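Here is a friendly note to read alongside the structure. Please keep the view open and find each element on screen as you go.

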Amino acid sequence: MRVGVLTGGGDCPGLNAVMRAVVRKGVQQYDYGFLGFRDGWRGPLEGDTVPLDIPAVRGTLPRGGTILGSSRTNPFNEENGVRRIRENLAKHEVDALIAIGGEDTLGVAARLTDEFGIHCVGVPKTIDNDLSATDYTFGFDTAVHVATEAIDRLHTTAESHMRVLVVEVMGRHAGWIALHSGLAGGANCILIPEQRFDVEQVCGWVESRFKASYAPIVVVAEGAMPKDGQMVLKDGSKDSFGHVRLSGVGEWLAKEIEARTGKEARTTVLGHIQRGGTPSAFDRWLATRFGLHAIDAVRDGDWGTMVALRGTDIVRVPLAEATAKLKTVSPELYEEAGVFFG
Ligand code: F6P
């Protein structure tokens, strides 16, 4: 058995830890061979490969990013995409693929298995934690730690100058990073993509925090939208899966707050800092266990499945089901956090 491995979509801490576990168990216990494909689906599409063996993954457990590279290539948008993948897998004698990615990368894996009979197993990653069917994706915990540390630091400088600090965190469709880091960091309010926000209400919360002699920290997810406005876009460009580039809502909101309250407001955009660097202990643990179970799914020929965390167990779920709908913050959960707003 020869197994191909790829990492697609936005990188996140823990990708290397998954591959290390896959390769270690696959070689040591099942005597499998491995091949890495570069840059997500671009690798199998163009036959761009790298050797993947125990020496290649040694020392990568704490290393962020991905030793294979990543991209947002969508083979279904490429001419003869599926045929080219099939030919390259045959050429390199690859029997199965482990795709490590988010909704887009795994959505491709689901279609390749279900519609074209290509043997894929999926591993869920994304700092956004928005994949349904798994309690957590790896990368999320690290991102929340980074954002929480930033909020802690911003508290002291905000209070020294008694100004509003708006922190924009990642979260295109789901506000998990904003919610978790905002709660952990004691934010004045948390704004998420799932619930449109009222700028007047945000200003009311900001003013009440000043009245209590504290400087407010407003945490806003990049995909959050005002009640009577649109998502703020970086520019008009879209990736191969049709997603627009976000970022800018923090800057926009700070200007609104300043204009409406007369208080000085500044913005910090955390951006890719949330995705970079070494994975947290939890993410290393989760990524490692995902890897160990993904190679077991390959051994069992359980194609079209994704490994998922349920409680403390790793289970297998159909990829098609896992990618059919996003996991978003429920109104109840959001309301819970509202106790601390203002
Ligand atoms: O998919 C995860 C994510 O972190 C989103 O929250 C964000 O919109 C996107 O990646 C940005 O990624 P990039 O700048 O690499 O396109």
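The points below move from the whole protein to its sheet, then to a few strands and one histidine.

1. **The whole protein.** Please bear in mind that this is a predicted model. The protein has 342 residues, and for a compact globule of that length we would expect a radius of gyration near 20 Å; the value here is 21 Å, so the two agree. The C-alpha trace spans about 65 × 40 × 30 Å along its principal axes.

2. **Inside and outside.** How much of the protein is buried? Buried residues account for 56% of the 342. The accessible surface adds up to about 14,000 Å², and carbon and sulfur atoms contribute 48% of that.

3. **Elements and contacts.** If you count the secondary structure, you should reach 12 helices and 13 strands. Look also at how the chain meets itself: of the contacts between residues at least 6 apart in sequence, 75% join residues at least 24 apart.

4. **The seven-stranded sheet.** Now trace the open sheet, where seven strands lie in the order 3-2-1-4-5-12-13 with mixed pairing. At its edges are strand 3 (49-51) and strand 13 (313-318), each with pairing on one side only. From one strand to the next, the twist averages 30 degrees.

5. **Strand 1 and its two partners.** Strand 1 (residues 2-7) runs parallel to strand 2 (residues 33-37), and four bridges join them. To find this pairing on screen, look for arginine 2, which stands opposite glycine 33. Strand 1 also runs parallel to strand 4, this time with five bridges. Here valine 5 sits across from isoleucine 98.

6. **Strand 4, enclosed.** Why can we call strand 4 (residues 96-101) largely enclosed by the rest of the structure? Six of its six residues are buried, so the surrounding structure covers it. Try following the side chains: Ala96, Ile98 and Ile100 point one way, while Leu97, Ala99 and Gly101 point the other way, and all are buried.

7. **From strand 4 to strand 5.** Strand 4 and strand 5 (residues 120-124) run parallel and share five bridges. One of the partnerships to look for is isoleucine 100 with valine 123 in strand 5. Between the two strands comes helix 5 (residues 103-116), and together the three elements make a right-handed β-α-β unit.

8. **Strand 8, covered on both faces.** Next, please turn to strand 8 (residues 217-221), where five of five residues are buried. Ile217, Val219 and Ala221 lie on one side and Val218 and Val220 on the other, so you can check both covered faces by eye.

9. **The neighbours of strand 8.** Strand 6 (residues 164-169) pairs with strand 8 in the parallel sense over five bridges. In this pairing, glutamate 168 stands opposite valine 220. Strand 7 (residues 189-191) pairs with strand 8 in the parallel sense too, over three bridges. Cysteine 189 has valine 218 of strand 8 as its bridge partner. The chain passes from strand 7 through helix 8 (residues 199-211) to strand 8, in a right-handed β-α-β crossover.

10. **A histidine to finish.** Is histidine 155 buried or exposed? Its relative accessible area is 16%, and buried means under 20%, so histidine 155 counts as buried. You will find histidine 155 in helix 6 (residues 140-161). Leaving aside residues up to four places away in sequence, histidine 155 touches Gly185, Gly186 and Ile217. Of these, Ile217 takes you back to strand 8, where Ile217 is buried.

Note on methods. Residues numbered from 1 in each chain as written. Predicted model: local features only at pLDDT ≥ 70, side-chain atom pairs only at ≥ 80, totals over all residues. Heavy atoms only, no water. Pairing = 2+ DSSP bridges. Axes fitted to C-alpha atoms, helices over the stretch in contact; angles between N-to-C directions. Buried < 20%, exposed > 50% of the residue type's maximum accessible area, 1.4 Å probe, protein only. Right-handed = clockwise from strand over helix to strand, strands pointing away. Contact = heavy atoms within 4.5 Å. Rg over C-alpha atoms; globule rule 2.2 N^0.38 Å. Areas by Shrake-Rupley, 256 points an atom, 1.4 Å probe, with all protein chains shown as cover.
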